[in-house]
Amino acid sequence: MGLPIETDIALGDAEARYPLNSNEASEIKLWLNIRAFSFTRLKLLRTLVAGNEKCNMWLPMPNNMTTGSSISYNEGEAEEGKLTKAVNAVTSLGSIGNIFSGVVGWFESATGVANVIGKRDMDQREQVFGGAALRDHKFSWTFVPKDPESSGRLFAMAYRLNALSYPGAAAQTSRMYHPPLFTLGVFQDSGQGRSEWSFDPQVCVLKSCSFDRTGAGKAYAIGESDYLPSVWKFELQFAEFEPLVRSMVNDRLVSRSVSDTIGLADAFINNIG
């Protein structure tokens, strides 16, 4: 008789945790929580994570976890409006000596002397902010389950995550539903969140996932009759759904939706407090 694989998790049961063994679990002090909820275009619902929950998984801390940011700048002319130019012109005079230098510069330009002696206008280029790439979060694990049931749990979690990276079918064959959105967090066994480890991920999509069932170099199996993988390697890459900005309250990074929906209220409360 084969092992009853936990297809309820693979097919949509909300919560799952690995390892199964309570003694092993009690030794884990930090957990990575992966939650998925149905997609919505409404910013407030995204901010409140108010969609239908698709999964709530708890895994021990990864072997590797990285957060990547990429900010784009381009060389360009200083972006100064009329007011900025006027203020800069006044504040750059500063002293009688600078005023004299300004008069001399005007005279040289007006008479053509500046051209003769090769004097040029100051280089006004600067780094112009061109946008920030959507931040990504990468995690990888190597699991060595001690029994077939534990390997079955890993299969169920891997299959579920793989499925949630894809769109959902709709009643109309020409349409489909956006893949779910994800939240990520690191928690102590006491339930306290730890931003030092998580880096405060905002709402994400699951951009790529890889599940190696031959992590030992060959297809080694566990179980006398079920022959489930004895070593699993998980690799997950999440990308944040929206651009980030610094909060008006405390400079923490928040998504555009969070800034739009609760940022002004937070700033107001902070100022009157």
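The largest pocket of this predicted model has a volume of about 450 Å³. Its lining is formed by 27 residues. Those that lie nearest the centre of the pocket are Leu184, Asp200, Pro201, Gln202 and Val203.

Several elements of secondary structure take part in this lining. The table lists those that each supply at least two residues to it.

| Element | Residues |
|---|---|
| Strand 2 | 30–37 |
| Helix 3 | 43–48 |
| Strand 10 | 181–188 |
| Helix 8 | 195–198 |
| Strand 16 | 253–255 |
| Helix 9 | 256–272 |

Strand 10 gives the most to the lining of the largest pocket, namely 5 residues.

The surface may be considered next. The chain has an accessible surface of about 17200 Å², and carbon and sulfur atoms account for 54% of this area. On the surface, Ile71, Tyr73 and Phe129 make a nonpolar patch of about 340 Å². One member of the patch, Tyr73, has its place in strand 5, which covers residues 71–77. The relative accessible area of Tyr73 is 46%, so this residue counts as partly exposed: the value falls between the limit of 20% for buried residues and that of 50% for exposed ones.

The chain as a whole contains 9 helices and 16 strands. It comprises 273 residues, of which 32% count as buried. Among the contacts in the chain with a separation of 6 or more, 73% are made by residues 24 or more positions apart.

Notes:
Residues numbered from 1 in each chain as written. Predicted model: local features only at pLDDT ≥ 70, side-chain atom pairs only at ≥ 80, totals over all residues. Heavy atoms only, no water. Helix = DSSP H or I, 4+ residues; strand = E, 2+ residues; numbered from the N terminus. Buried < 20%, exposed > 50% of the residue type's maximum accessible area, 1.4 Å probe, protein only. Contact = heavy atoms within 4.5 Å. Areas by Shrake-Rupley, 256 points an atom, 1.4 Å probe, with all protein chains shown as cover. Patch = residues over 30% accessible without salt bridge, like charges linked within 9 Å, V, L, I, M, F, W, Y side chains within 5 Å. Salt bridge = Lys/Arg side-chain N within 4 Å of Asp/Glu carboxyl O. 1 Å grid on protein atoms, 1.4 Å probe; cavity = no way out; pocket = protein on both sides within 12 Å on 5 of 7 lines; lining within 4 Å. Points joined across faces, edges and corners; volume = space filled by probe spheres on them.
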